[in-house]
Amino acid sequence: MSLMKQFQQGDLRALARLISLSEDGDSSIMDLLSDVFLLPGHAKVIGITGPPGAGKSTLLNSFVRVLRGEKKKVAVLAVDPVSPFSGGALLGDRIRLTDHFNDPDVFIRSLSTRGKLGGLSLATRQGVTLLDRFGFDYIFVETVGVGQSEVDIRKVADVTLVTLVPEWGDSIQALKSGILEIADIFVVNKSDREGADRIETELRNIMQIANKEDTPIQKTTINDQTTVQSLLDIIENYLAKNQLKVQQRRNSAIGDTAVELLDNWVIKEAKNWLQKELKGSSNPYEIIKRFQKKHPPGSLFSE
């Protein structure tokens with residue numbers, strides 16, 4: 001049976017294989033993803049970012065627990081730092097969300113950033129498409145947590161949560177020009193700790209200055225699942241009220257994916273051409289001059 005047929009029949013191994021092919025940049029993935037893209041999907045894509053130690057994985061555990069209680073199918077893409085040796089994810093999916101690992105309606109996968117400064121690789125965006133078409137109800141994308149550079153999540157998720165903890169109250173201003181600006185919803189996690197009210201007040205002051213005072217702020221704690229349920233209600237309310245914005249983001253994401261696919265193809269073709277040229281010349285400037293003469297500006301896409 002073909003891999004595509006297995007995928008359509010709900011085979012999790014086929015899904016995992018397609019994601020692996022996407023990560024590896026396999027030559028067959030373009031045709032497969034083109035077919036997958038035509039399939040219907042209905043998933044809600046929720047991005048979770050924030051500084052290290054903000055409890056993103058803990059919050060994810062709670063999300064999955066609540067949604068599985070509602071019989072929803074949930075997928076998690078946990079974006080991890082890139083390994084300097086293999087180029088893959090530095091952390092493994094088996095050490096995350098262990099409470100749900102054997103649940104057939106929960107899919108967990110770690111992906112590498114592949115060195116992307118924005119925090120998300122092309123394979124992550126393709127993974128979201130695969131999970132959506134596979135039939136999941138919710139897809140959570142958890143970012144590395146490196147700080148201000150992680151703005152790409154806004155281009156992938158329907159709604160973006162920025163997760164903080166009370167201890168970050170004195171550091172909010174330092175984050176203001178970075179990840180704070182991409183938040184659709186703020187989450188003050190571990191809010192049973194001292195300082196939760198202070199950080200909430202600080203966030204509201206910053207949002208008022210930025211004319212974003214309508215941005216929701218929800219305090220959560222793993223000891224009180226009702227706080228997580230309230231956060232899910234806020235997410236659903238945001239998605240219902242911002243359907244046009246969500247669709248615009250999805251359209252923009254399609255364009256971003258197409259641009260990166262084209263970039264990858266051009267770079268690959270250029271490298272192949274250069275390898276041939278380098279056999280006959282040791283002068284890189286002469287090589288590029290020959291390339292420019294062969295492909296003058298604008299000629300690549302001329303009619």
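Is Gln218 buried or exposed? I opened my notebook with that, knowing that the model is predicted.

**Entry 1: Gln218**

I looked up the location first. Gln218 sits in strand β7, which covers residues 217-219. I then checked the relative accessible area, and for Gln218 it is 14%. Buried means under 20%, so Gln218 is buried.

Next I looked for partners of the side chain. A polar atom of the Gln218 side chain lies 3.4 Å from the backbone oxygen of Thr227. I also listed the contacts, leaving out residues up to four places away in sequence. Gln218 touches Phe186, Val187 and Val188. Gln218 also touches Thr227, Ser230, Leu231 and Ile234. Thr227 therefore turns up in both searches, in the list of contacts and as the owner of that backbone oxygen.

**Entry 2: the whole chain**

I stepped back to count. The chain has 11 helices and seven strands. Of its 303 residues, 46% count as buried. I then asked about contacts with a separation of 6 or more. Residues 24 or more positions apart account for 74% of those contacts.

**Entry 3: Phe107**

I wanted a second residue in a strand. Phe107 lies in strand β3, residues 106-112. Its relative accessible area is 8%. That is under 20%, so Phe107 is buried.

Which residues does Phe107 touch, not counting residues up to four places away in sequence? I found Leu12, Leu15, Ala16 and Ile19. I also found Val74, Ala75 and Val76. Leu131 and Phe136 complete the list. I checked Leu12 further. Phe107 and Leu12 are 95 residues apart along the chain, yet their C-alpha atoms are separated by 8.3 Å.

**Entry 4: α2 against α5**

I turned to helix pairs. Helix α2 is residues 12-24, and helix α5 is residues 122-134. They pack at an angle of about 160°, with their axes 9 Å apart. Angles over 145 degrees count as roughly antiparallel, so α2 is roughly antiparallel to α5. The crossing is right-handed.

I listed the residues that meet. From α2 come Leu12, Leu15, Leu18, Ile19, Ser22 and Glu23. From α5 come Ala123, Gln126, Leu130, Leu131 and Phe134. By class, this contact has eight nonpolar residues, two polar and one charged. I compared this with Entry 3: among the residues Phe107 touches are Leu12, Leu15, Ile19 and Leu131.

**Entry 5: α3 against α5**

What meets α5 from helix α3? I noted the geometry before answering. Helix α3 is residues 29-37, and its axis comes within 10 Å of the α5 axis. The two cross at roughly 45°. That makes α3 oblique to α5. This crossing is left-handed.

Leu33, Val36 and Phe37 are the α3 residues in the contact. They meet Gln126, Thr129, Leu130 and Arg133 in α5. I sorted them into four nonpolar, two polar and one charged. Gln126 and Leu130 also appear in the contact of α5 with α2.

**Entry 6: α10 against α11**

My last pair was helix α10, residues 243-278, and helix α11, residues 284-294. Their axes come within 11 Å and cross at roughly 125°. That makes α10 oblique to α11. The crossing is right-handed.

In α10, I found Trp273, Leu274, Glu277 and Leu278. In α11, I found Ile287, Ile288, Arg290, Phe291 and Lys294. Six of these residues are nonpolar, none polar and three charged.

How values were computed. Residues numbered from 1 in each chain as written. Predicted model: local features only at pLDDT ≥ 70, side-chain atom pairs only at ≥ 80, totals over all residues. Heavy atoms only, no water. Axes fitted to C-alpha atoms, helices over the stretch in contact; angles between N-to-C directions. Helix = DSSP H or I, 4+ residues; strand = E, 2+ residues; numbered from the N terminus. Parallel < 35°, antiparallel > 145°, perpendicular 65-115°, else oblique. Left-handed = near helix turned anticlockwise from the far one by under 90°. Contact = heavy atoms within 4.5 Å. Nonpolar A, V, L, I, M, F, W, Y, C, P; charged D, E, K, R; others polar. Buried < 20%, exposed > 50% of the residue type's maximum accessible area, 1.4 Å probe, protein only. Polar contact = N/O pair within 3.5 Å; in protein donor to acceptor, adjacent residues only side chain to side chain.
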